Amino acid sequence: MPNPRIEPLKKVLAIDPNDDVAWFGLGKAYMEDGNFEEAAKALRQCITVKPGYSAAYYALAQSLRSLKRHDECRAVCETGIEVSTKNGDAMVTKNLEALKSSL
């Protein structure tokens with residue numbers, strides 16, 4: 001059974017395609033379903049809409065690792081580390097560094 005959060009988020013995004021929080025929520029909902037391909041698409045869109053969204057880089061990197069797209073994952077980790085460091089999101093930076101070194 002698909003995640004019940006997916007359809008309402010899609011409706012929000014139909015109204016406002018620049019809603020970074022909805023893109024992030026959609027990505028996380030797809031991750032919970034194990035649909036990492038759709039999760040990666042939604043999370044990429046989140047970062048496109050709001051390039052400074054630290055947590056989206058980490059979720060995207062996790063999705064890419066699950067898809068075994070390691071080069072892409074590494075690149076997202078590197079960008080995410082720069083963004084999260086600039087934002088002062090120490091926990092996200094730490095998570096991204098750990099993920100990157102696990103590849």
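This briefing covers the packing of helix 2 on helix 3 and the surroundings of three residues, D20, M31 and S54. The model is predicted. Helix 2 spans residues 20–32 and helix 3 spans residues 36–49, and their axes come within 8 Å of each other. D20 and M31 both take part in the contact between these two helices, whereas S54 lies in helix 4.

**Helix 2 against helix 3**

- The axes of helix 2 and helix 3 cross at roughly 165°. Because angles over 145 degrees count as roughly antiparallel, helix 2 is roughly antiparallel to helix 3.
- The crossing of the two helices is left-handed.
- Helix 2 contributes D20, W23, F24, L26, G27, Y30 and M31 to the contact. On the side of helix 3, the residues met are F36, E38, A39, A42, L43, Q45, C46 and V49.
- By class, the residues of this contact comprise 11 nonpolar, 2 polar and 2 charged.

**D20**

- D20 is part of helix 2.
- Its relative accessibility is 16%, so D20 counts as buried, the cut-off being under 20%.
- Leaving out residues up to four places away in sequence, D20 touches C46, V49, K50 and Y53. Among them, C46 and V49 belong to the helix 3 side of the contact with helix 2.

**M31**

- M31 is also found in helix 2.
- With a relative accessibility of 15%, M31 is classed as buried.
- Neighbours within four places in sequence aside, M31 is in contact with F36, A39, L43, A59, Q62 and S63. Of these, F36, A39 and L43 are listed on the helix 3 side of the contact with helix 2, while A59, Q62 and S63 fall within the range of helix 4, residues 54–66.
- M31 and N3 are separated by 28 residues in sequence, and their C-alpha atoms are 9.7 Å apart in space.

**S54**

- S54 lies in helix 4, which runs over residues 54–66.
- The relative accessible area of S54 is 3%, so this residue is buried.
- The S54 side chain makes a polar contact with the side chain of N87, at 2.9 Å. A further polar contact joins the S54 side chain to the side chain of D89, at 2.5 Å.
- Not counting residues up to four places away in sequence, S54 touches V83, S84, N87, D89 and V92.

Technical notes. Residues are numbered from 1 along each chain as its sequence is written. This is a predicted model: local features need pLDDT of at least 70, side-chain atom pairs count only at pLDDT 80 or more; totals for chains, interfaces and linings use all residues. Side-chain values use heavy atoms; hydrogens and water are left out. Axes are lines fitted to C-alpha atoms, for helices over the stretch in contact, and angles run from 0 to 180 degrees between N-to-C directions. Helices (H or I, at least four residues) and strands (E, at least two) are DSSP runs, numbered from the N terminus. Angles under 35 degrees count as roughly parallel, over 145 as roughly antiparallel, 65 to 115 as roughly perpendicular and the rest as oblique. A crossing is left-handed if the near helix is turned anticlockwise from the far one by less than a right angle, and right-handed if clockwise. Contact means heavy atoms within 4.5 Å. Ala, Val, Leu, Ile, Met, Phe, Trp, Tyr, Cys and Pro count as nonpolar, Asp, Glu, Lys and Arg as charged, and the others, Gly among them, as polar. Buried means under 20% relative accessible area, exposed over 50%, partly exposed in between (1.4 Å probe, protein chains only). A polar contact is a pair of N or O atoms within 3.5 Å; within protein, one must be able to donate a hydrogen and the other to accept it, and residues adjacent in sequence count only if both atoms are side-chain atoms.
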